[in-house]
Amino acid sequence: PDFDGGLIIRNGTTVEHVCRIVHRTLVDQFKYALVWGTSVKFSPQRVGLSHVLQNEDVICLHTYTSLNSYITTDDPHPRTSSNTTFATGEKLLSGHYESLDYECDESEIAHMEEKRLGYQHTRRIVVLKWLIMLLIGICTGLIAVFVDFTVKNLTKFKFSYVQNKLETCLSEHCLFKPYLAWIGINISMVLIAGLLILWEPVARGSGIPQVKCYLNGVAIPHVLRLKALIAKVLGVIFAVSGGLAVGKEGPMIHAGAIVAGGISQGKSTSLKFDLHILKYFRTDKHKRDFVSAGAAAGVAAAFGAPVGGVLFALEEGASFFNQQLTWFIFFASMTSTFTLNVVMSAIDGHFGDLSSPGLINFGLFKDTPYMWFELPLFIVVGCIGGIFGALFNQLNLRLTKFRHHYINKRWLLVIEVILVAATTVVVAFLLIIGTMYECRPIKTQLELNSPTIQLYCPDGQYNVMGTIVFSTPEQAVRNLFHSEIGTYYPWSLLVFCIIYFCLTCWTYGVIVSSGLFIPSLLIGASWGRLVGIVLHTLFPSNVKYFDPGKYALFGAASQLGGTMRMTISLAVILIEATGDIGLGLPIMIVLTVAKLTGDYFNEGFFDMHIALQSVPFLPWQSDIFAYQLSALNIMSAPVIQLKTVEKVENIYHILRTESHHGFPVVDHHTDETSNQRAGTFQGIILRHQLITMLRKRNFISLNDSLRDYLTMDDFRESYPRHPPIESIHLTNEERELYCDLRPYMHLAYTVSHSATLPRIFSMFRGLGLRHLVVVNDKNEVVGMITRKDLARFRMTHKKGHTSIEELAISH
Ligand code: ATP
């Protein structure tokens, strides 16, 4: 009765499920739930357990009182209450995502293997890990080189072609020709990028949310496949070259993670080859460590920031960390930056000059001073970035929801991506045309080595907007950071900033592989520079301090921080990428303020997208209010369990009829009369282990004891794609035999039924659990908790009222 949270029952939920939820949430209200079912006058056949609620039956039971009102009402359609909340993507947890098992295997056969291999083996494993990290670093670095080299050349080809046409057409008054050529090239490139995503949808977007979920313990389908790598790398090349407002840095993180996942397993299921080495690493736990390193190596290559890579993995990516892993990750990041650096220096024709690492290079900020009186200004810049970042996230969220609802057919997605590509060109063209008389002397541009475009400018001068539009976003950011004072007109900057903000917001989420780092930097750099120009105009005597370039850097940092809500890693990435440790403190201030301001309004960009995909993601900590909930409130019961020596028929039947991935194993005290198993808890056995036992016919007769143990390698054989139970066919004789589960079951952690949610939460987060068995005082199994059960509970803050919301799990 004291339950005060919203309970959202999703459209399509069965009455049985509704009753189960209500029963579990409102202590002891099962009776009422049934009464409620009948009292709202469902016709008798509609109350049947298999009945599925119809569209209009989406109901929110806000409080026990409102439940009461349902019980007493005669209204057959009580759902029109003002409390009604419609379930959206964020209000649901998807049942499709399986969890990963990051716990150490504590089975008898695992112990036997460790004993057999001995201490020497442990040392060999460490050496092997270093070697794998080296390979991950090298391969990620090489992929980064490939991406950069291809993007640069495709962009160069495109712009030189359009630029030539533009310059000839200026005199011949045929401006539509370069315009059409530009649109044509961009649309073709973007279309290729889009088709690649239709081929492998997991490569859509930056990939950071997916990698983050994987490292958190959620198995995102296809996320580490070779197909995803191909779609990601080629996709980002065509998306960036096609002129979209996207960057290539985010996708590099996903690419690094895939490379790491592949190399560490010594096999490729897609290519159907197996080197038969590195079998030891074919577990979720080991693979996770390599994937963290791969993601960090991706950041390191993208920004030339090895320390930034480690910190990124720590702050944003990896949910589980330890000291040794930090060293491994650092090594992989360093190798990746180094590889990129060496190869790029050779490509650029000065082999051995390693002074410009990273895919992006912001150029050095030398001797840029700042004074104490600028500190309030840094805070203001941070606040602006926080607000703009939150606004960006909110708009993009709405757009993504709109897309989910209305642009969900393949042909619509393709049309949208074409539309975005065309709009980007039209807008760029209009920007150039609109500012065609804004000219500057060419000397400064030559120093910056950027493409210049003359348009209607006199000889020796160039069009300012042209340099932003006709260069890659990286070049544009660099120009904004380092151009001389007075290079840009404030109005042009403002218009550019607004337009680019809208374009980026629209672009992130269309079917291309795209990063958000560079577009955010570009938006921030343009309004930051504007702030610098204003300060410079207001206080002309302090020219030295109010440098627009410096404020462009702070604006960029602020926008990035306000969108992504990272502080430590972004600060280090920006310091490493600008090469100026002196500006470290202001950057940190700006980033922290931007994060705090943004957090006041909404969540970080990637967290929002994770929530939108209904992923059972576990945040760093459970909310303090969750002390109200105990294991009894969140567990599932009754639990489907197995005996230590279980009949093959029973195992087969359970696997065919239940979709769960873990089953507690209990000892033999079976009460045959009531068919209730009241045995004490012994361990947990996973679905794939049972399937392997059935597949390998690891059976015994009842009076027999197990002699032929399966080994750990037998279970790793089919990792990570275990065969389904449907692939197993058993004879009648085999079904009558038994399986001895004792050597294979994992001696898992248990929790008492009175444990609170925060305690259970920290066990899941700290130990990387997949299943947690709830036991009573007699060590009998009373319930089962999985990550979905935990992720279901969220704090909601509405109109100053905080409550716990329980999400439904969709099936
Ligand atoms: P995972 O998704 O982690 O691979 P799973 O498939 O075993 O694990 P979930 O899909 O998370 O489990 O479970 C969905 C619901 O089923 C949860 O509410 C969970 O508590 C419940 N559940 C899981 N295992 C059992 C079981 N052996 N018996 C009864 N309920 C279970």
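**Exercise 1. Work out the strand order of the open sheet that contains β12, and find its edge strands.**

Step 1. Three strands make up this open sheet, in the order β10-β12-β15, and their pairing is mixed. Two strands count as paired if DSSP finds at least two bridges between them. Strands are DSSP runs of E with at least two residues, helices are runs of H or I with at least four, and both are numbered from the N terminus.

A word on the model: it is predicted, so local features need pLDDT of at least 70 and side-chain atom pairs count only at pLDDT 80 or more, while totals for chains, interfaces and linings use all residues. Residues are numbered from 1 along each chain as its sequence is written.

Step 2. Look for strands that pair on one side only: these are β10 (642-643) and β15 (681-686), the edge strands.

Step 3. Now follow one pairing. β12 (residues 662-666) and β15 are antiparallel, with five bridges. Within it, P664 has I684 of β15 as its bridge partner.

Step 4. Add the helix. α25 (residues 687-695) lies across β12 and β15, at about 75 degrees to β15. Such angles run from 0 to 180 degrees between N-to-C directions, with axes fitted to C-alpha atoms, for helices over the stretch in contact. Contact means C-beta atoms, placed from the backbone, within 7 Å.

**Exercise 2. Explain why β17 and β19 each have a side without a neighbour in their sheet.**

Step 1. Write down the order: the open sheet runs β17-β18-β19, with mixed pairing.

Step 2. β17 (750-752) and β19 are at the edges with a single partner strand each, so one side of each has no neighbour in the sheet.

Step 3. Check the twist: ignoring direction, neighbouring strands here are turned by 35 degrees against each other on average.

Step 4. Zoom in on β17 and β18 (residues 771-775), which run parallel and are joined by three bridges. There, V751 is opposite V774 in β18.

Step 5. Finish with α28 (residues 757-767), a helix that packs on the sheet and touches β17, β18 and β19. Its direction makes about 145 degrees with that of β18.

**Exercise 3. Which residues are closest to the ligand, and how does its shell divide?**

Step 1. Of the 17 residues surrounding the ligand (C-beta atom, placed from the backbone, within 6 Å of it), the closest are S99, S636, H660, H661 and T786.

Step 2. Elements giving two or more residues to this shell are β4 (98-99), β12, β19 (781-786) and α29 (787-791).

Conventions. Contact = placed C-beta atoms within 7 Å.
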